[in-house]
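Biologist: Please zoom in on the aromatic side chains in this one. I'd like to know how the rings sit relative to each other, and then what lies around them.

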Amino acid sequence: MTASMPPPPVDSDLQLVERTVAGDQKAYELLVIKYQRRIERLIGRMVRDSDLVQDIAQETFIRAYRALHQFRGEAQFYTWLYRIAVNTAKKALVDMKRNPVISENALRGSGDDDETSRLGHELITDETPETVLAAQEIAVAVNAAMDALPEDLRQAVTLREIEGLTYEEIAAAMDCPIGTVRSRIFRAREAISARVRPLLEKQSGKRW
């Protein structure tokens with residue numbers, strides 16, 4: 001006699017969604033509590049004005065609540081919620097005529113052996129006025145490179161480098177094949193590296 005599969009946890013995301021759709025408001029409150037900080041952290045990395053973060057997060061959860069009946073569980077709930085948060089933040093940025101920004105910490109957000117991830121490691125040393133200035137120059141260059149990227153490339157590299165999503169999760173969030181995700185991230189990294197490389201070369205003869 002084979003053992004039966006154990007039932008899913010009582011508070012699994014899918015069950016909380018099903019309970020919410022059935023009219024259990026407390027279930028949705030649990031989802032909000034579970035993901036609020038992650039969503040606010042994500043939005044904070046996209047929006048320059050920190051005062052807008054909570055407003056956009058609140059709008060994200062309102063939109064998610066209204067669309068909750070559309071969630072079928074094919075993807076992780078957070079991936080589905082992430083798409084709503086990104087779209088809500090993008091709409092707010094358009095409405096406010098502001099642009100997404102990448103923080104200096106984003107340079108350290110990936111373990112991949114690529115140009116952008118190595119930058120952070122090169123800058124983590126004893127701080128002097130010179131190194132702080134150089135780091136600021138590089139951050140400005142990265143910001144400019146990100147702002148200049150097409151929207152699809154910017155979103156893909158943000159999901160990977162800042163939020164740390166897998167390629168599979170990014171493909172689900174952006175509703176495109178994994179091959180497309182890899183291509184977008186590669187092109188974004190190349191564009192960012194092209195902006196940053198001259199600054200690194202300028203500093204190559206200096207002690208960090």
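Modeller: Let's begin with charges: one sits over a ring if NZ of Lys or CZ of Arg is within 6 Å of the ring centre and within 35 degrees of the ring normal. By that test, R38 has its charged end over the ring of Y78, at 3.8 Å from the centre. R182 does something of the kind with Y167, lying over the face at 4.2 Å from the ring centre.

Some ground rules before we go on. This is a predicted model, with pLDDT (the predictor's confidence in each residue, from 0 to 100) of at least 70 needed for local features and 80 or more for side-chain atom pairs, while totals for chains, interfaces and linings use all residues. Numbering runs from 1 along each chain as its sequence is written, and side-chain values use heavy atoms, leaving out hydrogens and water.

Now the rings themselves. Rings of Phe, Tyr and Trp (its six-membered ring) pair when their centres lie within 6.5 Å; planes under 30 degrees apart are stacked, over 60 edge-to-face, and the rest tilted. That rule gives 7 aromatic pairs. Take F77 and W80: their ring centres are 5.7 Å apart and the planes make an angle of 35°, so this pair is tilted. The two residues are 3 apart in helix α4, residues 77-95, and are therefore separated by about one helical turn (helices are DSSP runs of H or I with at least four residues, strands runs of E with at least two, numbered from the N terminus). An α-helix has 3.6 residues a turn, so residues three or four places apart point the same way.

Both partners are buried, meaning under 20% relative accessible area (exposed is over 50%, partly exposed in between; 1.4 Å probe, protein chains only). F77 comes out at 3% and W80 at 17%. The pair also belongs to a bigger group: Y35, F71, F77, Y78, W80 and Y82 make up one aromatic cluster. Y78, the ring under R38, is thus a cluster member too.

What else comes up around F77 and its helix? Looking back along the chain, S12 belongs to the segment before α1 (13-21) and is buried at 18%. Its C-alpha atom is 9.8 Å from that of F77, although 65 residues separate the two along the chain. Then there's Q76, which is in the loop between α3 and α4. Q76 is exposed, at 55% relative accessibility, and its C-alpha lies 9.8 Å from that of A173, 97 residues away along the chain.

Further along α4 you reach T88, which is buried at just 4%. Leaving aside residues up to four places away in sequence, T88 touches I56, E59, T60 and R63 (a contact being heavy atoms within 4.5 Å). A92 is in α4 as well, buried at 17%; its C-alpha is 8.7 Å from that of L52, with their positions 40 residues apart along the chain.

The other charge-over-ring case leads to helix α8 (residues 167-174), where Y167, I170, A171, A173 and M174 are buried. These five span an arc of only 165° around the axis (taken over the directions from the helix axis to the C-beta atoms), so they're on the same side of α8. Just after α8, D175 adopts a positive phi of about 55°, and D175 isn't a glycine. Most residues other than glycine have a negative phi. D175 is in the loop between α8 and α9 (178-203) and is exposed at 60%.

Zooming out, the chain has 9 helices and 0 strands. Of its 208 residues, 44% are buried. If you count contacts with a separation of 6 or more, 65% involve residues 24 or more positions apart.

How far to trust all this? Mean pLDDT is 75 for the chain, with 72% of residues at 70 or above. By element, helix α3 (residues 53-66) has the highest mean, 91, and helix α5 (residues 115-123) the lowest, 41. Over residues 102-126 pLDDT stays under 50, and for that stretch the model has 44 contacts beyond four places in sequence. Where pLDDT is low, the predicted coordinates should not be read in detail.
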